[in-house]
Amino acid sequence: GYCHYCGLSCFNDENGTLVDLDKIEYSKPKKPDLLPEYFIEKSFTNHENIDLVKFLLGQFGTEATERMIEKYYLCGSTKNPGAVIYWQIDRDKKIRTGKIMEYDPETGKRSGLIDWVHSYNEKYILKQCFFGEHLIGSGKPIAIVESEKACLIMNKCVPDYEWIATGGSNGLTYEKCKVLIGLDVTLFPDQGKYHEWKNKASEIGLECHVAIWAEEWFKEGYKGKGEAIDDYYLN
């Protein structure tokens, strides 16, 4: 019951089917809830215990990893020791939520289930934004990838762009993309997602370029099926 186009949810009725549209009472969308800044201040410590940071240190060294931590406000989770918190901070520097993810410190591959900082509040009104959205406005062109990890790595490997992430293959929504109006934007879809992202951009009216790098590198044998742009640089 979640619409990736507009970002709204609908609930199931007792029969497990979508609610009858004729019975829905439409109301003005509620403003999203926000998290206090001290959530980041409290967790912005002990980075050496974060498994993703251990992986990044092994790949890029201390100086580059510290820049990633500071730029994207990477934090460790007290709820899930070893996990990283990807804060979703919008263009107005407001904290929408924090996405908690676990990684293998050796391979950098995801492990475990995704959790959310706001999950302690069952009535929390969530309106997601891009990971890295707080960086919009620096003057650099915007590059959009799917995963937050790819965003971090590409920020180091191709610094000509300001890299942000959708947080999932279905995370390119009309609501999120409103902040991109009038900007120089390039999408970098994972291998196999080129046409899907190109069609989605057209559907929601996002004026942008869509890079075909991942498809070309796959054809040339430089990367595997379904891999992201950062996998090429890591390899």
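I began at W163, which at 0% relative accessibility counts as buried. I am working from a predicted model.

**Entry 1: W163 and its partner**

I looked up which ring pairs with W163. F188 has its ring centre 5.0 Å from that of W163. The planes stand at 40°, so I logged the pair as tilted. F188 counts as buried too, because its relative accessibility is 3%.

Next I checked where the two sit. W163 belongs to strand β6, residues 162-165. F188 lies in the loop between β7 and α5. They are 25 residues apart, and the pair links distant parts of the chain.

**Entry 2: other aromatics**

I then pulled up Y232 and Y233. These two form an edge-to-face pair, with 5.4 Å centre to centre and 90° between the planes. Are these tyrosines buried, exposed or in between? Y232 is partly exposed at 29% relative accessibility. Y233 is partly exposed as well, at 32%.

I followed the rings outward. One aromatic cluster takes in Y161, W163, F188, W213, W217, Y232 and Y233. The total for the structure is 13 aromatic pairs.

I also searched for lysines over rings. K42 lies over the face of F39, 5.5 Å from the ring centre. K176 lies over the face of F130, at 5.8 Å from the ring centre.

**Entry 3: nonpolar cores**

I turned to the interior. In soluble globular proteins, nonpolar side chains tend to be buried together. The largest nonpolar core here has 30 residues. L52, Y86, L152 and W163 have the most contacts inside it.

Which elements give two or more residues to this core? I listed α2 (51-72), β2 (84-89), β3 (95-103), β5, α3 (148-157) and β6. Helix α2 gives the most, with 7 residues.

I took L52 for a closer look. I set aside its neighbours within four places in sequence. That left contacts with V84, Y86, Y103, K149 and L152.

Another core lies apart from this one. It has 16 residues, including F130, I142, L172 and L206. I had already met F130 as the ring under K176.

**Entry 4: helix α5**

I went through α5, residues 194-204, side by side. Y194, W197, A201 and I204 are buried. Seen down the axis, the buried residues fall within an arc of 115°, so they line one face of the helix. An α-helix has 3.6 residues a turn, so residues three or four places apart point the same way. On the other side of α5, H195, N199 and S202 are exposed.

What do the buried residues of α5 pack against? I found β5 (142-145), α4 (174-177), β7 (185-187), β8 (209-210) and α6 (213-219).

K198 also sits in α5. I noted K198 as partly exposed, because its relative accessibility is 41%. The C-alpha of K198 is 6.3 Å from that of V210. In sequence K198 and V210 are 12 residues apart.

Just after the helix, I stopped at G205. This glycine takes a positive phi of about 80°.

**Entry 5: cysteines**

How many disulfides does the structure hold? I counted 0. C177 is in no disulfide, and the nearest cysteine sulfur, that of C208, is 7.9 Å away. Why is there no bond between C208 and C177? A disulfide needs sulfur atoms within 2.5 Å, and at 7.9 Å the sulfur of C208 is too far from that of C177.

I compared their surroundings. C177 is buried, because its relative accessibility is 6%. C208 is partly exposed, with a relative accessible area of 25%.

**Entry 6: whole chain**

I finished with the totals. The protein chain has 7 helices and 8 strands. Of its 235 residues, 43% count as buried. I also looked up contacts with a separation of 6 or more. Residues 24 or more positions apart account for 57% of these in the protein chain. The W163 and F188 pair, 25 residues apart, is one link between distant parts of the chain.

Key:
Residues are numbered from 1 along each chain as its sequence is written. This is a predicted model: local features need pLDDT of at least 70, side-chain atom pairs count only at pLDDT 80 or more; totals for chains, interfaces and linings use all residues. Side-chain values use heavy atoms; hydrogens and water are left out. Buried means under 20% relative accessible area, exposed over 50%, partly exposed in between (1.4 Å probe, protein chains only). Helices (H or I, at least four residues) and strands (E, at least two) are DSSP runs, numbered from the N terminus. The arc is that of the directions from the helix axis to the C-beta atoms. Contact means heavy atoms within 4.5 Å. Rings of Phe, Tyr and Trp (its six-membered ring) pair if their centres lie within 6.5 Å; planes under 30 degrees apart count as stacked, over 60 as edge-to-face and the rest as tilted. A charge sits over a ring if NZ of Lys or CZ of Arg is within 6 Å of the ring centre and within 35 degrees of the ring normal. A nonpolar core is a set of buried Ala, Val, Leu, Ile, Met, Phe, Trp, Tyr and Cys residues joined through side-chain atoms within 4.5 Å.
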